[in-house]
Amino acid sequence: MMHMKRNRLPALLSAAILMLGAGAAALPASLTAFADETIASGSVTDSMQWSLDSNGVLTVAGSGIMPAFSYSYQKYRYETPWADHKDAIRSVVIADGVANVSDFAFIHCSSVQTVQLSDTVREIGMHAFSRIGAEEIVLPESVEKINPSAFFCCENLSKITITNPACSIAQGEGTICNSYFSDMDEDTGEIVWESYRFGGTIFGAEDSTAQKYAAKCHYAFRVIGSVPDPIAGSCGEQAEYLFDPDTEVLTVTGTGAITAEWKKQNIRTVKQVILSDGISNVPDSAFSQYAMLKEAVLPESITEIGYDAFRDCAQLEQIVIPEQVSRIQDGAFSNCAGLQKITILNPACRIADACDTDDPDAYSEYVYVGHGSAINSRFVGQTMEELTLEWRFDGVICGYSGSTAEAYAMNYCKFESLGDAPFTETTTTTTTTTANTTTTTTTAATTTTEITTTTITATAVTTTVTNITTPAITTTTITTTAAEHHDLPQTGTAGRKNNALAAMCLLLIAGGALMTASVRGSRKES
């Protein structure tokens with residue numbers, strides 16, 4: 001028996017080596033299926049099936065046309081076969097043989113990060129991929145038609161490639177966009193105003209329908225495989241900007257106040273903004289509607305954030321406002337859906353608030369409720385009859401205890417304290433000035449009578465004595481200031497006593513002067 005065991009050992013080792021060398025194909029099916037176990041599946045048509053695995057990959061396979069699905073806007077009801085699993089879908093794979101992606105197929109599947117379409121797909125249905133979370137989508141050359149709102153409100157979408165140069169694209173900005181805003185007349189139910197935003201880039205062939213669509217909607221376009229040149233220009237007396245389309249970074253360098261000149265170049269695909277030290281402001285609407293902006297670096301030299309500076313920047317998650325910023329204007333961070341945290345380092349920064357504005361006439365038409373107009377994450381609604389606008393900020397404002405940031409946050413949202421504001425030491429310089437008093441005596445000769453005037457001043461006390469004497473005029477002035485008598489003037493009982501003693505002394509001096517003048521006059525008469 002021992003001999004047989006020794007002979008089987010090499011055989012067992014050889015078998016193990018062969019199995020390892022054969023790879024995953026030689027492993028039991030139960031082990032290979034573990035990584036992507038099917039958690040749900042079903043039929044779409046008689047010739048088409050769907051399945052969802054444990055990694056969140058939903059695959060539609062088979063042949064023919066995918067039927068149109070329905071969706072209820074009022075009840076947010078989905079009637080797709082995979083509706084109960086829409087939040088678990090991470091990737092969508094449309095396999096070979098499927099001819100289309102039908103209406104509402106993946107609407108509101110916000111967890112979808114990737115989309116893979118086979119070369120048999122010829123059409124993208126209405127709202128087929130509305131509000132999915134993918135950042136990049138490539139449509140194969142087989143796609144001949146894109147229906148209205150096919151990629152409506154895809155917040156993260158930054159690149160979409162339309163390979164077919166003759167692809168029919170439904171007109172209107174809503175076919176491809178990151179966000180949408182509208183205003184409805186409650187009496188008639190009609191939309192009286194609407195606006196779409198797309199901060200990404202459409203890729204396509206030169207002179208293609210994709211290029212024409214992008215131009216009509218004022219969207220960024222790039223030819224497939226091209227290497228675009230950087231865009232640069234002046235944005236102030238001593239400032240310049242540079243945008244790199246490859247890195248999607250906008251840099252502003254120089255000193256002083258700037259203006260948003262880059263907006264004139266239809267630059268929309270900005271993901272990062274860097275303002276260098278020396279720039280003193282963020283201009284009005286500087287980065288508004290930059291749907292892809294994720295980071296903004298502000299230097300210590302910034303003193304003001306302008307009106308609507310970062311409005312509609314849905315991807316901006318957090319930002320630090322430097323200590324030198326003294327004012328944040330109205331709408332500066334309005335409708336920033338992704339904003340989670342804003343730190344304001346100046347304890348005395350003025351933050352525009354439509355509920356309590358320093359300009360009472362600025363918002364005379366509407367009454368703002370809910371949250372302030374400078375910082376908010378979403379527009380809740382408007383009541384036309386009462387002219388009421390309501391916003392919400394779901395993030396956190398960070399600042400020092402007792403700061404204006406805390407006061408603002410206490411009315412509208414959560415506040416996170418950074419502690420007490422840093423102590424700033426100030427130096428006070430005191431200057432002492434000493435006044436000198438000069439006594440002057442002037443004597444003038446005359447042929448008439450003599451007038452002697454003696455004036456004695458002690459702070460607020462003045463005594464004047466006049467006597468007619470000989471044909472000469474003699475004027476004597478004696479002035480005593482508070483610099484010489486530090487106890488004058490005084491108040492209270494002690495002050496009144498001291499002032500009375502001073503007055504008596506002055507009367508005695510005046511009396512002495514009168515007696516002297518009288519004696520002199522008597523001597524002259526005798």
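Ring pairs join W50, F69, W82, F106, F129 and F151 into one cluster. That is a good place to start a tour of this predicted model, so keep the structure open as you read.

## Aromatic rings

Across the structure there are 16 aromatic pairs. One of them, F129 with F151, is stacked, with 5.7 Å from centre to centre and 5° between the planes. F129 sits in the loop between β9 (123-124) and β10 (136-139), while F151 sits in the loop between β11 (145-146) and β12 (159-162), so this pair ties together parts that are 22 residues apart in sequence. Both F129 and F151 are buried.

How are the rings of Y180 and Y196 arranged? Their centres are 4.8 Å apart and their planes stand at 40°, so the pair is tilted. Y180 belongs to strand β14 (residues 179-184) and Y196 to strand β15 (residues 191-197), so the two rings tie together parts 16 residues apart in sequence. Y180 is partly exposed, at 23% relative accessibility, whereas Y196 is buried, with a relative accessible area of 19%. The cut-off explains these labels: buried means under 20% relative accessible area.

A charged side chain also meets a ring in this model: K263 lies over the face of Y290, at 5.4 Å from the ring centre.

## Strands and their partners

Four strands make up an open sheet with parallel pairing, in the order β7-β9-β11-β13. Its edge strands are β7 (100-101) and β13 (168-169), each of which pairs on one side only. Inside this sheet, β9 and β11 run parallel and are joined by two bridges. To find this spot, look for E123, whose bridge partner in β11 is K145.

Further along the chain, β19 (residues 238-244) pairs with β20 (residues 249-255) in the antiparallel sense, over seven bridges. Here F243 stands opposite L250 in β20. Which residue takes a positive phi in the hairpin of β19 and β20? It is E248, with phi near 60°, and the hairpin has four residues between the strands.

Strand β20 has another partner: four bridges join β20 to β21 (residues 272-275), and these two run parallel. Across that pairing, V252 stands opposite L275 in β21. As background, strands of a sheet pair through backbone hydrogen bonds, either parallel or antiparallel.

## Two strand residues and their contacts

S179 lies in strand β14. At 15% relative accessibility, S179 counts as buried. Leaving aside neighbours within four places in sequence, S179 is in contact with C153, S195, Y196 and R197. Among these contacts, Y196 is the residue whose ring pairs with that of Y180.

G233 is in strand β18 (residues 231-236). With a relative accessible area of 23%, G233 is partly exposed. Setting aside neighbours within four places in sequence, G233 is in contact with E240 and Y241. G233 and W262 are 29 residues apart in sequence, and their C-alpha atoms are 7.5 Å apart in space.

## Cysteines

How many disulfides does a search of the whole structure find? The search finds zero. C313 is in no disulfide, and the nearest cysteine sulfur, that of C336, is 5.3 Å away. The sulfur of C413 is 9.6 Å from the closest cysteine sulfur, in C398, which is too far for a bond. For that reasoning, the cut-off is that the two sulfur atoms lie within 2.5 Å. The table puts the two cysteines side by side.

| Cysteine | Nearest cysteine sulfur | Relative accessible area |
|---|---|---|
| C313 | C336, 5.3 Å | 0%, buried |
| C413 | C398, 9.6 Å | 15%, buried |

## Positive phi in two loops

D207 is not a glycine, yet has a positive phi of about 60°. D207 is placed in the loop between β16 (201-204) and α3 (209-217). With a relative accessible area of 58%, D207 is exposed.

N335, also not a glycine, has a positive phi of about 60°. Its loop runs between β26 (327-328) and β27 (341-344). Is N335 buried or exposed? N335 is buried, with a relative accessible area of 11%.

Technical notes. Residues are numbered from 1 along each chain as its sequence is written. This is a predicted model: local features need pLDDT of at least 70, side-chain atom pairs count only at pLDDT 80 or more; totals for chains, interfaces and linings use all residues. Side-chain values use heavy atoms; hydrogens and water are left out. Rings of Phe, Tyr and Trp (its six-membered ring) pair if their centres lie within 6.5 Å; planes under 30 degrees apart count as stacked, over 60 as edge-to-face and the rest as tilted. Buried means under 20% relative accessible area, exposed over 50%, partly exposed in between (1.4 Å probe, protein chains only). A charge sits over a ring if NZ of Lys or CZ of Arg is within 6 Å of the ring centre and within 35 degrees of the ring normal. Two strands pair if DSSP finds at least two bridges between them. Contact means heavy atoms within 4.5 Å.
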